[in-house]
Amino acid sequence: MPDFLAHSVFGEMLMAAPQVQPAIPGERELAPWRWGLQGPDPFFFRTSTSPAGGMMHRGAPEGMFQAMAARLALLQGPVRDTAAAWLHGFLGHYILDRTVHPYVLARQEQLAPLLPGASGNACHYQVETDMDADLCLHFHHQPVSAFRPGRGMTLEPWQKETIAGMLAAGAAAKGATVPVLEGIKALESTAMTQQIIFRGGKPALAAARGLELLMGKNRQFTSHMKGRRPGWDSLNLGHAPWTDPRDGSTRTQSVPELLQAALAEALPLMEALSRQLAGEESGELALGRVDFSGFFQR
């Protein structure tokens, strides 16, 4: 999947469009929107909620979105505004995931021979990490070390509770039970871990290497660490061919082009979600039964 900074960049692109403005009526809704852009990923930063994060990424997403919209319909006032901003951001996360994930899978296969002995999902994580570094340079014209992951993401306690409740509703639709308190702790763990990943520097990198040696998990932790400029074209700005794992077709799109494609898909869906939450439309969002990985689910 795209990583933290990639989703943040995509959120910046979305916010420039008028279709997104109804979801963010004021400054108070900006942080929930930004947390929504991280989708179910906060669940991965806590052992007790990680299985639910995996379940939310798999399978057709329509029922999950309906369940979260139904929970939102029970809310009123600022709590509802927070939930609505978050849910629109969550939709953005989903669209970017399903658009870019096939590229990440393709590049993972190409990178594997260059990282011999990498364990688990280390190659996958490295592609995501390298993309974040190059996206920061491409869009912000700054090294990734300048990125502040917590900027603009501070939540009030009641907002954390609201977002955790929305995440719990989404998890329940996939058959997972996540207490609201655990969801709050997952949000807090995410904020802390992202600071370490982006801002921990050499001490954090050394600690990650030590853990890998201790646990026998080569590159499993250091592949998450930001700060180094990738030594390859992780954004495919040179338009090298890559193989789409869904159908074996050859594609040449760059990551910025994939972000533009995701933007074109997301904007009409954002409008549809706004109309649905306002009671102007009913039924499921037209997501085509495509999961977060970009694969069609029957």
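This is a trainee and mentor exchange on pockets, a cavity, a helix contact and selected residues in a predicted model.

Trainee: What is the volume of the largest pocket?
Mentor: Start with its walls: 31 residues line the largest pocket. By class, the lining splits into 15 nonpolar, 12 polar and 4 charged residues. The volume of this pocket is about 1100 Å³.

Trainee: Which residues lie nearest the centre of the largest pocket?
Mentor: The lining has 31 residues in total. Helices H3 (50–57), H6, H8 (180–199) and H9 (201–215) each supply at least two of them. Nearest the centre lie Phe44, Phe45, Tyr125, Glu128 and His224.

Trainee: Which helix gives the largest share of the lining of the largest pocket?
Mentor: Take the elements that supply at least two residues each: H3, H6, H8 and H9. The largest share is 5 residues, and it comes from H8.

Trainee: How much space lies in the second largest pocket?
Mentor: Its lining is made of 19 residues. They divide into 9 nonpolar, 6 polar and 4 charged. The space in the second largest pocket is about 340 Å³.

Trainee: Which element gives the most to the lining of the second largest pocket?
Mentor: Nearest the centre of this pocket lie Ser8, Glu12, Arg34, Phe147 and Arg151. Helices H1 (4–15), H2 (30–36) and H6 give two or more residues each to the lining. The most, 5 residues, comes from H1.

Trainee: Phe147 lies nearest the centre of that pocket, along with four others. Is Phe147 buried or exposed?
Mentor: Phe147 sits in the loop between H6 and H7. Its relative accessible area is 10%. The cut-off for buried is under 20%, so Phe147 is buried.

Trainee: Which residues does Phe147 touch, not counting residues up to four places away in sequence?
Mentor: Phe147 is a loop residue, between H6 and H7. Leave out its sequence neighbours up to four places away. The residues touched are then Phe4, Leu5, Ser8, Cys136, Phe198 and Arg199.

Trainee: What distance separates the C-alpha atoms of Phe147 and Leu287?
Mentor: Along the chain, the two residues are 140 residues apart. Phe147 is among the residues nearest the centre of the second largest pocket, whereas Leu287 lines the largest cavity. Their C-alpha atoms are separated by 32 Å.

Trainee: Which residues line the largest cavity?
Mentor: A search of the whole structure finds 1 cavity of 30 Å³ or more. About 30 Å³ of space lies in the largest cavity. By class, its lining has 3 nonpolar, 2 polar and 2 charged residues. The residues are Glu62, Phe65, Gln66, Gln276, Glu284, Leu285 and Leu287.

Trainee: Which helix supplies the largest share of that cavity lining?
Mentor: Glu62, Phe65 and Gln66 are among the lining residues. The largest share is 3 residues, and it comes from helix H4 (residues 62–72).

Trainee: Gln276 also lines the cavity. Is Gln276 buried or exposed?
Mentor: Gln276 is found in helix H10. Leaving aside neighbours within four places in sequence, Gln276 is in contact with Ala69, Glu281, Gly283, Glu284 and Leu285. Its relative accessible area is 18%, so Gln276 is buried.

Trainee: H10 also meets H6. Is H6 roughly parallel or roughly perpendicular to H10?
Mentor: The axes of H6 and H10 come within 11 Å and cross at roughly 80 degrees. Angles of 65 to 115 degrees count as roughly perpendicular. Therefore H6 is, relative to H10, roughly perpendicular.

Trainee: How many nonpolar, polar and charged residues make up the contact of H6 with H10?
Mentor: From H6 come Met131, Leu135, His138 and Phe139. From H10 come Val255, Pro256 and Leu259. The division is 6 nonpolar, 1 polar and no charged.

Trainee: His141 is not a glycine. What is its phi?
Mentor: His141 lies in the loop between H6 (122–140) and H7 (157–173). The residue is exposed, with a relative accessible area of 66%. Its phi is positive, at about 60 degrees.

Trainee: Is Arg289 buried or partly exposed?
Mentor: Arg289 is found in the segment after H10 (255–277). Arg289 has a positive phi of about 55 degrees, although it is not a glycine. Its relative accessible area is 36%, so Arg289 is partly exposed.

Conventions: Residues numbered from 1 in each chain as written. Predicted model: local features only at pLDDT ≥ 70, side-chain atom pairs only at ≥ 80, totals over all residues. Heavy atoms only, no water. Helix = DSSP H or I, 4+ residues; strand = E, 2+ residues; numbered from the N terminus. Buried < 20%, exposed > 50% of the residue type's maximum accessible area, 1.4 Å probe, protein only. Axes fitted to C-alpha atoms, helices over the stretch in contact; angles between N-to-C directions. Parallel < 35°, antiparallel > 145°, perpendicular 65-115°, else oblique. Contact = heavy atoms within 4.5 Å. Nonpolar A, V, L, I, M, F, W, Y, C, P; charged D, E, K, R; others polar. 1 Å grid on protein atoms, 1.4 Å probe; cavity = no way out; pocket = protein on both sides within 12 Å on 5 of 7 lines; lining within 4 Å. Points joined across faces, edges and corners; volume = space filled by probe spheres on them.
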